[in-house]
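Here are a few short exercises to work through with the model open on your screen. Try each task before you read its solution.

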Amino acid sequence: TGTLRIDGSSKFPEDERWGTFPSFALGWRIIEEPFMQDIGWLSDLKIRGSWGQIGNQKIGDYRYYATAGTGIGYAGIFGNNVHQGVAITELVNQNVTWEKSEQTDVGLQFALFDNKLEGEVDWYKRTTKDMLVEVGVPGSVGLNATEGNVGSVENSGFEFSLDLSGSQNDFYYNITGSV
């Protein structure tokens, strides 16, 4: 299978508004091959793999525009009168764009003894780039923080699961474990 997502968000400046996120997956049911037909104890065997990207746009609205605040803190005195002022209160980031996560998975599914013992072994790797986080600024700047694309993180590992089920006379059991 294959998919292609093209997402748009008004949370980003016009030049960064659209994100393209492809993915695909492939599986092979080896048990259905002619050379596997004479293996009676093997009920199922499948190899699968996938790769894809997704986007994140979880930031405040219109953070690429300057925000102004009013109040006595921005006051000025003109002609012996105090007048409220207006000031930029937040940093502007015209380069903020989609956070992208890319994941690869490879797995093996199997079942033995008429599906009484089933299991999976998976390897995965997920990398998130251009993470959307609030970027702090020193208090001496006098402005609030804004979101920006900062940093990346990678997670990877293996997952294993086994499921044993069956019956003995009127006793039914199902034991499942995963790591």
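Contact here means heavy atoms within 4.5 Å. This is a predicted model, in which local features need pLDDT of at least 70 and side-chain atom pairs count only at pLDDT 80 or more, while totals for chains, interfaces and linings use all residues. Residues are numbered from 1 along each chain as its sequence is written, and side-chain values use heavy atoms, with hydrogens and water left out.

**Exercise 1. Find out what Gln 53 touches, and whether Gln 53 is buried or exposed.**

Step 1: locate the residue. Gln 53 lies in strand E3; strands (E, at least two residues) are DSSP runs, numbered from the N terminus.

Step 2: list the partners. Skip the neighbours within four places in sequence, and Gln 53 is in contact with Thr 20, Phe 21, Pro 22, Ser 101 and Glu 102.

Step 3: look at the side chains. Those of Gln 53 and Glu 102 make a polar contact at 3.1 Å. That term means a pair of N or O atoms within 3.5 Å; within protein, one must be able to donate a hydrogen and the other to accept it, and residues adjacent in sequence count only if both atoms are side-chain atoms.

Step 4: check accessibility. The relative accessible area of Gln 53 is 18%, so this residue is buried. The classes are buried under 20%, exposed over 50% and partly exposed in between (1.4 Å probe, protein chains only).

**Exercise 2. Work out how E2 pairs with E1 and with E3.**

Step 1: take the E1 side. E1 and E2 are antiparallel, with seven bridges, and Arg 5 sits opposite Phe 21 in E2. Two strands pair if DSSP finds at least two bridges between them.

Step 2: take the E3 side. E2 and E3 also run antiparallel, joined by seven bridges. Trp 28 has Ile 47 in E3 as its bridge partner.

**Exercise 3. Follow Gly 119 to its bridge partners in E6 and E10.**

Step 1: start with E6 and E7. These strands run antiparallel and are joined by 13 bridges; Phe 110 is partnered with Gly 119 in E7. The two strands form a hairpin with four residues between them, and Phe 113 in the turn has a positive phi of about 55°.

Step 2: go on to E10. Twelve bridges link E7 to E10, again antiparallel, and Gly 119 has Leu 162 in E10 as its partner.

Step 3: add a residue from E10. Ser 161 is in this strand, residues 153-168. Not counting residues up to four places away in sequence, Ser 161 touches Glu 118, Gly 119, Glu 120, Gly 177 and Ser 178. With 25% relative accessibility, Ser 161 is partly exposed.

**Exercise 4. Place Asp 130 and Asn 169, and say what their phi angles are.**

Step 1: recall the background. Most residues other than glycine have a negative phi.

Step 2: take Asp 130. You'll find Asp 130 in the loop between strand E7 (117-129) and strand E8 (132-135). Its phi is positive, about 55°, although Asp 130 is not a glycine. A relative accessible area of 37% makes Asp 130 partly exposed.

Step 3: take Asn 169. This one is in the loop between E10 and strand E11 (171-178). Asn 169 isn't a glycine either, yet has a positive phi of about 60°. At 71% relative accessible area, Asn 169 is exposed.
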